[in-house]
Amino acid sequence: MTDLTSLTLAEARDALKAKKISALELTDAHLNAMEKAKALNAYVLDTPKHARAMAKASDTKLQKGEAGLLEGIPLGIKDLYATKGVRTTACSKILLNFVPEYESTVTSKLWRDGAVMLGKLNNDEFAMGSSNESSAFGPSVSPILPPNVSAAQAKAKLGNCNKGLLVPGGSSGGSAAAIAARLCLGATATDTGGSIRQPAAFTGTVGMKPTYGRCSRWGIVAFASSLDQDGPIAKTVRDTAIMLRSMAGHDPKDTTSVDRAVPDYEAAIGKSIKGMKIGIPKEYRVDGMSQEIDALWSKGAEWLKQAGAEIVEISLPHTHYALPAYYIVAPAEASSNLARYDGVRYGVRVPGKDIIDLYEKTRANGFGVEVRRRIMIGTYVLSAGYYDAYYVRAQKIRTLIKQDFEKAYDSGVDAVLTPATPSPAFGIGEKSGADPVEMYLNDIFTVTVNMAGLPGLAVPAGVSKEGLPLGLQLIGRPFDEEILFSLGEVIEQAAGRTKLPDAWWA
Amino acid sequence: MSVDQATVQRIARLARIAVTDEEVPHLQGELNAMLSFVEQLNSVNVEGVEPMTSVTPMAMKKRVDEVTDGNIAEIVTGNAPQTEDHYFLVPKVIE
């Protein structure tokens with residue numbers, strides 16, 4: 001067997017089942033790769049002991065023929081998911097010492113199905129960011145080589161300010177970087193405004209943001225509860241389908257999780273898309289969009305057409321307002337959710353002369369700049385006198401955004417095709433200027449999906465003229481993830497799977 | 001709409017985040033950048049539109065109102081910075 005880390009999740013699963021490889025070998029191969037990739041900072045905590053014990057248990061089960069759906073598959077877990085007895089920080093200074101006494105529902109489902117935990121993955125602090133640069137552990141670095149930079153040059157830059165290297169996107173930057181660098185076979189991620197799909201697009205990996213309510217949010221550090229949804233990032237569309245089957249399902253501990261049967265998503269891979277109607281929303285052709293993104297989009301539509309789908313132009317007239325409305329709703333909910341970090345019940349405390357002083361010092365010290373900024377804007381838009389002008393208006397606009405999609409689906413459209421991001425990955429430190437809005441514009445194509453609670457899939461579809469990965473996004477009806485997997489597979493097959501980068505960092 | 005420096009300090013107080021005088025002008029600039037970005041929402045006609053309260057319309061599942069766990073004070077206080085006999089310790093609140 002050659003390098004076990006270059007297998008897809010599906011290939012590894014089949015090889016394990018056929019007893020061609022053992023779970024322990026597979027896990028060790030990934031642990032070794034992680035050891036050599038420390039400078040990428042994709043993982044903020046390695047859990048090798050844990051991993052090897054789980055892999056050994058999987059080998060026993062595989063021997064007995066009692067294998068679960070993910071038996072022996074090594075995964076990375078975003079550090080937003082609470083893992084019992086394993087430090088969980090949300091990549092914030094305020095939680096640096098937090099060791100949960102409980103396991104998130106989604107990770108318990110993954111362990112139930114036999115998956116192996118390799119470690120915890122880097123992300124933007126509290127999932128607030130689009131570049132992974134706001135992490136308290138420092139940025140995770142994209143394994144994708146920047147244009148005109150040789151492997152040796154890149155290696156010299158690594159860890160040396162990382163200047164000139166690329167961001168993996170965010171907030172699930174560690175998840176995407178770890179997949180692209182072959183440091184796990186599947187990764188958990190979360191998506192509030194694009195945090196699964198944008199990093200997937202930046203790294204040539206596949207990211208699935210399920211319908212709001214499809215996966216339980218219990219035990220996942222909350223950012224904006226009405227927008228947050230957890231899902232997988234993996235190497236292929238099939239791999240994300242396999243993972244979602246394990247992650248999805250009703251949870252009595254999350255009242256927003258939906259009680260609905262979980263289909264075998266993998267069965268949707270390879271299904272004919274003949275006769276499906278695919279909407280191309282004209283409002284996504286934004287000013288200043290690069291020629292190559294536009295060309296990629298047309299190519300994606302052409303591939304679907306060749307596979308028998310019908311392409312129709314549609315209108316989603318309120319698209320333009322999704323991002324500003326998001327930057328009211330998300331900070332408002334964040335300011336409320338993050339009120340719990342008070343230095344009293346858990347987390348890092350900074351002493352004060354009285355209780356207010358303790359709160360203020362604890363929070364000023366524990367939260368990074370982006371998190372503080374969002375809490376403050378959220379506090380402002382919820383404060384007396386401004387609530388109606390900002391928050392209620394934004395929630396009304398959210399209704400209009402959702403109605404746009406409903407009208408399109410009512411007219412017979414099965415799914416919507418858009419670019420995943422307005423540009424390929426940018427450099428570390430490039431967008432940390434004075435205007436936060438510049439960074440926010442990254443999510444312009446993904447944020448509508450969260451506002452409307454819909455499922456969205458980011459699939460690699462080509463490269464920019466400089467050779468950087470570019471992705472397309474498929475948006476579906478609520479709970480119609482299966483159609484997205486069928487369509488995504490068509491794009492993946494037509495585009496050819498992106499070649500993952502050689503290990504220049506090792 | 002834009003915020004002045006006194007408003008920045010008032011928001012910081014409400015958010016329970018200590019802000020030094022030197023940080024205020026910078027924060028003011030950032031908050032105003034965000035507020036001017038969201039200003040465009042004023043041009044949308046929202047008359048008669050219901051504000052969204054639930055993105056996936058569904059009846060919330062309810063369970064019987066009864067105690068389902070307990071006697072885990074050790075676990076509940078396990079991550080607290082300072083505790084005594086299963087109580088969270090804070091500076092004196094009432095004089």
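1. In this predicted model, helix α12 of chain A covers residues 369–382, and because each residue should add 1.5 Å, its 14 residues are expected to span 20 Å, which agrees with the 20 Å that separates its end C-alpha atoms.

2. Of the 14 residues of α12(A), 10 are buried, so this helix is largely enclosed by the rest of the structure. The buried residues are Val371(A), Arg372(A), Arg374(A), Ile375(A), Met376(A), Ile377(A), Gly378(A), Thr379(A), Tyr380(A) and Val381(A).

3. What encloses these residues comes from both chains: the buried part of α12(A) packs against α10 (322–337) and α13 (388–410) of chain A, and also against α1 (5–14) and α2 (24–38) of chain B.

4. Turning to the contact between the chains, 56 residues of chain A and 38 residues of chain B take part in it. On the side of chain A that touches chain B, at least two residues are supplied by each of α10, α11 (355–366), α12, α13 and α14 (436–440), and the largest share, 10 residues, is that of α13(A). Sorted by class, this side of chain A holds 30 nonpolar, 11 polar and 15 charged residues.

5. As for confidence, chain B has a mean pLDDT of 93, with 100% of its residues at 70 or more; among its elements, α1(B) has the highest mean pLDDT, 97, and α2(B) the lowest, 94. For the complex, the predictor gives an ipTM of 0.96 and a pTM of 0.97. As a general caution, predicted coordinates should not be read in detail where pLDDT is low.

How values were computed. Residues numbered from 1 in each chain as written. Chains lettered and ligands numbered in written order. Predicted model: local features only at pLDDT ≥ 70, side-chain atom pairs only at ≥ 80, totals over all residues. Helix = DSSP H or I, 4+ residues; strand = E, 2+ residues; numbered from the N terminus. Expected span 1.5 Å × (residues − 1). Buried ≥ 20, exposed ≤ 12 C-beta atoms within 10 Å, placed from the backbone. Contact = placed C-beta atoms within 7 Å. Nonpolar A, V, L, I, M, F, W, Y, C, P; charged D, E, K, R; others polar. pLDDT = per-residue confidence, 0-100.
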